[in-house]
Every structure is written in structure tokens, then in C-alpha cells.
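The exercises below are meant to be worked with the sequence and the coordinates open side by side. Each task is followed by a solution that proceeds in steps.

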Amino acid sequence: MHLSGHTLNGSEIFFECLRREHVEYIFGYPGGSLLKVYETLYEIQDIRHILVRHEQGATHMAEGYARATGKPGVVLVTSGPGATNTVTGIANAYMDSSPMVVFTGQVPSSLIGNDAFQEADIVGITRSITKHNFLVKDVKELALTIRKAFFLATTGRPGPVLIDMPKDVLNSSCAFHWPESVDIRGFKPTIKCHINQVEKAAHKIAKAKRPLLYIGGGVISAEASEELRAFAIKQNIPVTMTLQGLGAFPGNHPLSMGMLGMHGTYWSNQAVNACDVLIAVGARFDDRVTGKIDTFAPHAFKIHNDIDPTNVDKNIKVDLPIVGDAKDFLAVLLEETPNTVENREPWLAEIQSWREQCPLTYNMEDGALRTEFVIDEVSKQTAGHAVVVTDVGQHQMWTSQYYTFMNPRSIITSGGLGTMGFGLPAAIGAAFGITDRPVVLFCGDGGIMMNIQELVTAVHCKTPIKIFLINNSFLGMVRQWQELFHKEKYSFTDLADSNPDFIKVAEAFGCKALAAETPDAAKAAIKEALAYKDGPILVDFRVVKKDMVFPMVPAGGSISDMLLARLNPKTMV
Amino acid sequence: MKHIISVLVENKFGTLNRVATMFSARGFNLSSISIGETEDPEISRMTIVTFADDQIINQVIKQLNRLIDTIKVTDLTNQPHVERELLLMTLKLSKTQQHEIFELINVFKGKVVDIKQKSITIEVIGSPDKINTTIDIFKPYGIKELARSGAVAIHRGE
């Protein structure tokens, strides 16, 4: 406000714009084309810059922060390799619809296209993995471009937006004007749902005998958990959630069914198979959810609410599409449905019988340490109130099964892209955003090595994350597929001979570390880790090597047709 | 089925690339694409010809709409519209066939835009179907080079 109309250089404008966007944290790494920005940053107190150790780490931290808080994550990296290192993180945020603004330095405008030192066409490279991207060619466009980028990243379906800033643009000056409003004629997302469509949905739902709510991450990003809870309880409708939707409805509520899909609960998938009205909210009928498309919810009248029209009828043809914000949809639905409810007890009893038929269980008899036990124990000790970050693989699926998520924005996981290496930096980012609840990370021994350098960032910033390393000395999920579908050829998945000593690794980074090999030791270590506040702590849980995640729908199979146990029990030993 | 889609887009660098990238990333067929400035210099009109069934074409239109630089997407296929393509073609010119070639140019309402001792360059404007036929008919006379603009299309006026 006070700087409006003053002449500022590009890097000063950059920070002034971030202030106007209420940015608290930048996850970044300096470099040649950003020297001017870092010169300005040197004097700045009110925006905190977190120095990462690899630009990929910055993007996952920004996403972890964004997912935990709902605010856009901000990344600042230099041109060339700095920019290309962000590609995986941007693609991850795009697939999981996380709001993020990535600023990349660029070589001076006059050199663009000349194969200059540290030049990469990052706008071209990221075109298909960003919601939109910009190359700023004139310092006079910088403020408006930044305003547009934050608006795009956070409005409608959230996603990553990239701004490429050539060095000369950051060095040159102009009068600063902050655009109070922004209007992009090609971007008018439908927020309010069409009322007639919602009325039709309400009518259909009111008469349903076997309705089922199928909830995705859209409910979390729309902050619609309260509306969902009120609606599900009012209409007595069971709720199954996708990986990203977990926490939208409290996991301990009798109507909560946990996750559906490939590693979903047996009763969720049976319910999808048997329901008469399926209400999909903020979910996109991903192949990991639907399995074989022709047999997905075959008896159901399908209602689909999504903010992004491209998600409607993309994978599955639905009967009643409703484009709009999930919060608006559920709020109107709550009003439009009658107070007297169809008798749903027989339906709930049927679901209960499936639950009893194939409950989630694991071997507790042999005294060995299992991932399921660790996650179950963390769930109990945190009463389901932690912010849980995962990496990708078996531990991720077990987290969905054994952690009882009580709150929205509590699972931060790479769902769409399945990015190993996501977990550690994402947990660090989440811990900057959330300080009143513990941030715990479940990560495999494969994934932790993919961004292990960020442990330095956590140590340096004294970020109190709990790193629960699920160490089975295998790339467990790939191993599982090798056992089930690839003739037990364990090709390059056994890490036993090549893994480092994780305790020594952690200690070398200055991180406190514990090891646990038995359930009792694990219990004590979890307790100690949760009580530790002086920085990150790593617990190396040496779990059994060859456990598999069940139940499981083989890829391309019908979700009603689940594998419940090993095909060949001999492979266990 | 063939669809002809008219898209108003921001007249900025990279817009054509965004559209083309989206088609390839989503695995959509892209038969032809042409682009040019409209009466408003900030807006370009893109004409896209694609072959797809109804479900896919719905996705194509939605994905086009989703791009931030697209302002309006219209499927002209089932609406009254005019569709034209420009063909420029250089043919071998021989004394014996000269007469026939000139007659055919008249039949197709073509124009001679350049003529040399041994070659003739003509332009023909018409629907993509007519352009296909033109090329077929002239093929036996020896086509040295040809260039097609891809279709452009517009709504018929009220």
C-alpha cells in the first residue's frame, strides 16, 4: 500500500507481491539468475526463506505446506538445472491438485534461445504439468502476472502455476502497482452448482435404499468436511473415501468405511458393487479406485460432483453430473434432502456383515515387528489427530488402512503421480504450516533415499517431524507385484545388501535416531519420538521383509473381486 | 466422426503450443489446426479438425475449455457453418496436356498464381472434400509440390 506508485526493481516488486499474497514461507535455492532476488531477500524479515538442498525438495515442501494449510506453497529456484529439478514436484502437485506457485529464474531475455549457460525452456517443459505458466518479458507485467498466478493456483480446482523471470526483468525498474482485482476471461470456473441438478440428486438420494458416498480430495480442498459430516449423518449414508479424501469424514464414526479401491477395505468395495445410488464428491474415478470400469458400481445411479468439468464422464459415464464446488454441493444437498430418512438399517447391517467377514487384520502372534502394528500404534498414541505424511508404496497403503484419520488435511501423500521421495520434504513443509499437532512421516527405506538430503533442512530448521522409517530392506510394493504377477522374479528390489545404516546416516546429518526391532521396542520408540520437540527424530523400524498389503484388487480386475491373502503361502518364508 | 471446432484464444506466444501439447498429452487425434488473428488483435481464432467419437469429443471440448488461454470453444460440426481450405499446388506443365490442365483449373474454379516454362502454380479454395478431389484429379498430371492451409471455419450469419 505504502509502496504503491513507487519505483521498484523487479526483485523488490517480487517480494512486495508475495507480501500482498500473505506468503509466510518460500522454499528455495539461490543461483546465478536469481542473485538480485537473493540480494533483496538478505534484508527481508517478514517472509521466511527455507533453504532446501535440492530443488525437488523445495517443490514437495511447498506442496506439504499447501496440503496441510490450504494456502499456496511457494517455490523459488534458479534457471536451468534449478528449474528442471522442480519438474517432478510440479507434476506431483498437478496430479493431486495442490495449490503451488513456482518462481524460476531465467537467463536474460536477450539470451533466451541461445543455449545460454543454465538455460532451459522451463515454460515449454512444464506446459503439460502446470495449470498455467508464464514467461514475464517486461518488469511492468510482473505484479499482474504474480497476482494472476496466485489466483489461478487457488481458484477452482487448485494446481501448480509457474512464473519464469528473466534476469534483466528482475534487475530493471518500474512504478509498482498492485492490481486489486484480477479478471482472466478464459478462466471462469463454475463454483455454484446448478440448483435443478442438486434438487434431482436430493430426490434420488432421499429414495435410495443403498446409497453410498464416495469422497475424494476435492472435499478437503473445498473445506467441505463439516457439510459432508452433517449430510452423511442426516441421511444416514455410509462414507467411503479415496486416499486423498481420508480425513474428510472422521475415521472412527460408524458410517466411515475407510478407503475404497485397489487396497481399500473389503466392505467398501462390496458396498460400491451393491449400492443403488453412488454419490461421488470431489473424486475423479481414478483407475486405482475403479478397477475394471464396466463392473464398477454396476447397479448404481451415479451422481458426480466435481469442480473440474473434465473429470465428469472422463473415466466413467455418470447419470447425473453436477459441476461446482463440493462445499456448495453438500450444503445445498443438506438443505434439499428431507429430514425423514428412508430405512437404511438393512443396508448398514449388510455392510457390517462384510466388515466382519473380512476385517483388516495382521499377524500379531509371532512376535515379529510389522508395519501395520507401527501405524496402528502411532494412530493410537496420536488419537488420530496427527498430520500424517507418507511416501509411496506398501507403507502408504497400510497407512490408509491402519491410521484412523479424524480430521481433514491430515493425510499428505503422493496419490496421482506416486512419487517416491515425496514424503520427507513434504513432511518438513507440512511442519512449517502446522505447529499445534504432531507431523509424522511414514516412509520406506527405498523412498527415504530419494530425498535424504532434506534431512539437513529439517535439522537446520529444527523441524520437529517424526520420521518413522518402515525398513523392510525391500522395495516392498514392487516386490509384492513381482511375487504375485511376475513369477517371483525379485528383480532389483532387494536392498538388504545395499542399504546404508540409517541410524548413522541420520546422526551424520545431526538428526536424533532410534531403532526398533520388536513390537515392545517400537511402542516405546513411538512414545519417545512423539515427545521429542528439539528437531527431527528418526526411528528405524526393522519390520518383517516379505509382508504383503491385502486386500488387493489386481490391476484391471473388478473391485468386487479382491485377493484376500497370499496366493502361495510358501513365499512368506 | 469428423468434428470441426472453432476456438477463440488469447493472441499470445505459446497458445498454439498449449493446444497442440494438450492434444498429444491426452492422446487426441488432431487432423488439422489453423490459427489467425481476429478483428480484435488480442484474440486469435483457431480452427481444429479432429476425428473422435462423442465421448472423446466431449473431453476434447472440455479440455480445450480448461486451458487458461482459451476464451470460447464451439463445436461447429452440427451447426450452420462455412468451412474452407486453401490449396497451393505446382504441377508439371507439358505442351500436350496444357489444354486439359487449364480446363480442369476452370472446373475447380482455381486460379493460376504463377506460370513458368515447365510448371504452373495454382490456387484452389473450397471445402476440405473439394480440395481432396482436386488433388486426386490433378495427380495424373504430375504434382511437383503442394501445400494445404488446413480448414478454417466460421458460423453462418443470422
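A residue is called buried here if 20 or more other C-beta atoms lie within 10 Å of its own. The model is a predicted one, and the solutions below should be read with that in mind.

**Exercise 1. Describe how strand S5 of chain A is enclosed, and find its partners.**

Step 1. Begin with burial: seven of the seven residues of strand S5 (residues 100–106) of chain A are buried, so the strand is largely enclosed by the rest of the structure.

Step 2. Next, sort the residues by direction. A:Met100, A:Val102, A:Thr104 and A:Gln106 point one way from S5(A), while A:Val101, A:Phe103 and A:Gly105 point the other way, and all are buried. In a regular strand the side chains alternate between the two faces of the sheet.

Step 3. Then look for the pairing strands. Strand S4 (residues 73–77) of chain A runs parallel to S5(A) and is joined to it by five bridges, with A:Val74 opposite A:Val101. Strand S7 (residues 160–166) of chain A is also parallel to S5(A), through seven bridges, and here A:Val102 has A:Leu162 as its bridge partner.

**Exercise 2. Compare the buried residues of helices H11 and H17 of chain A, and list what they pack against.**

Step 1. In helix H11 (residues 225–235) of chain A, the buried residues are A:Ser225, A:Glu227, A:Leu228, A:Phe231, A:Ala232 and A:Gln235. Seen down the axis of H11(A), these buried residues fall within an arc of 155°, so they line one face of the helix.

Step 2. The elements packed against the buried residues of H11(A) include helix H9 (195–207), strand S9 (211–215) and helix H14 (326–336) of chain A. Just after H11(A), A:Asn236 takes a positive phi of about 55°.

Step 3. Helix H17 (residues 394–402) of chain A is mostly covered, with eight of its nine residues buried. Among them are A:His395, A:Met397, A:Trp398 and A:Tyr402. The buried residues of H17(A) pack against several elements of chain A, including strand S11 (256–259), helix H16 (371–381) and helix H20 (476–485).

**Exercise 3. Divide chain A into domains and characterise the contact between domains 2 and 3.**

Step 1. The domain assignment of chain A gives domain 1 (7–175), domain 2 (195–357) and domain 3 (371–550).

Step 2. Taken over C-alpha atoms, the centres of domain 2 and domain 3 of chain A are separated by 30 Å. In the contact between these two domains, 13 residues of domain 2 of chain A meet 15 residues of domain 3 of chain A.

Step 3. By class, the side of domain 2 of chain A that touches domain 3 of chain A has six nonpolar, seven polar and no charged residues.

**Exercise 4. Locate the nonpolar cores and examine one residue from each.**

Step 1. The largest nonpolar core has 183 residues, and A:Ile215, A:Leu278 and A:Phe468 have the most contacts inside it. A second, separate core of nine residues includes B:Leu87, B:Leu91, B:Ile101 and B:Ile122.

Step 2. Leaving out residues up to four places away in sequence, A:Leu278 touches A:Leu212, A:Tyr214, A:Val272, A:Ala297, A:Ala300, A:Lys302 and A:Ile303.

Step 3. In chain B, B:Ile122 is found in strand S7 (residues 119–126), and B:Ile122 is buried because 23 other C-beta atoms lie within 10 Å. Apart from neighbours within four places in sequence, the contacts of B:Ile122 include B:Met89, B:Ile105 and B:Val113. B:Gly110 is twelve residues from B:Ile122 in sequence, and their C-alpha atoms are 6.5 Å apart in space.

**Exercise 5. Outline chain B, and state how it meets chain A.**

Step 1. Chain B has four helices and nine strands, which follow the order β-α-β-β-α-β-β-α-β-β-α-β-β from the N terminus on. Of its 158 residues, 25% count as buried.

Step 2. Strand S1 (residues 2–10) of chain B pairs with strand S3 (residues 43–51) of chain B in the antiparallel sense over nine bridges, and B:His3 stands opposite B:Thr50. S1(B) also runs antiparallel to strand S4 (residues 70–75) of chain B, joined by five bridges, with B:Val9 opposite B:Thr70.

Step 3. The contact between the chains takes 13 residues from chain A and 16 residues from chain B. On the side of chain A that touches chain B there are five nonpolar, four polar and four charged residues.

Terms used. Residues numbered from 1 in each chain as written. Chains lettered and ligands numbered in written order. Predicted model: local features only at pLDDT ≥ 70, side-chain atom pairs only at ≥ 80, totals over all residues. Contact = placed C-beta atoms within 7 Å. Nonpolar A, V, L, I, M, F, W, Y, C, P; charged D, E, K, R; others polar. Core = buried A, V, L, I, M, F, W, Y, C linked by C-beta atoms within 7 Å. Buried ≥ 20, exposed ≤ 12 C-beta atoms within 10 Å, placed from the backbone. Domains from an automatic or database assignment. Helix = DSSP H or I, 4+ residues; strand = E, 2+ residues; numbered from the N terminus. Arc of directions from axis to C-beta. Pairing = 2+ DSSP bridges.
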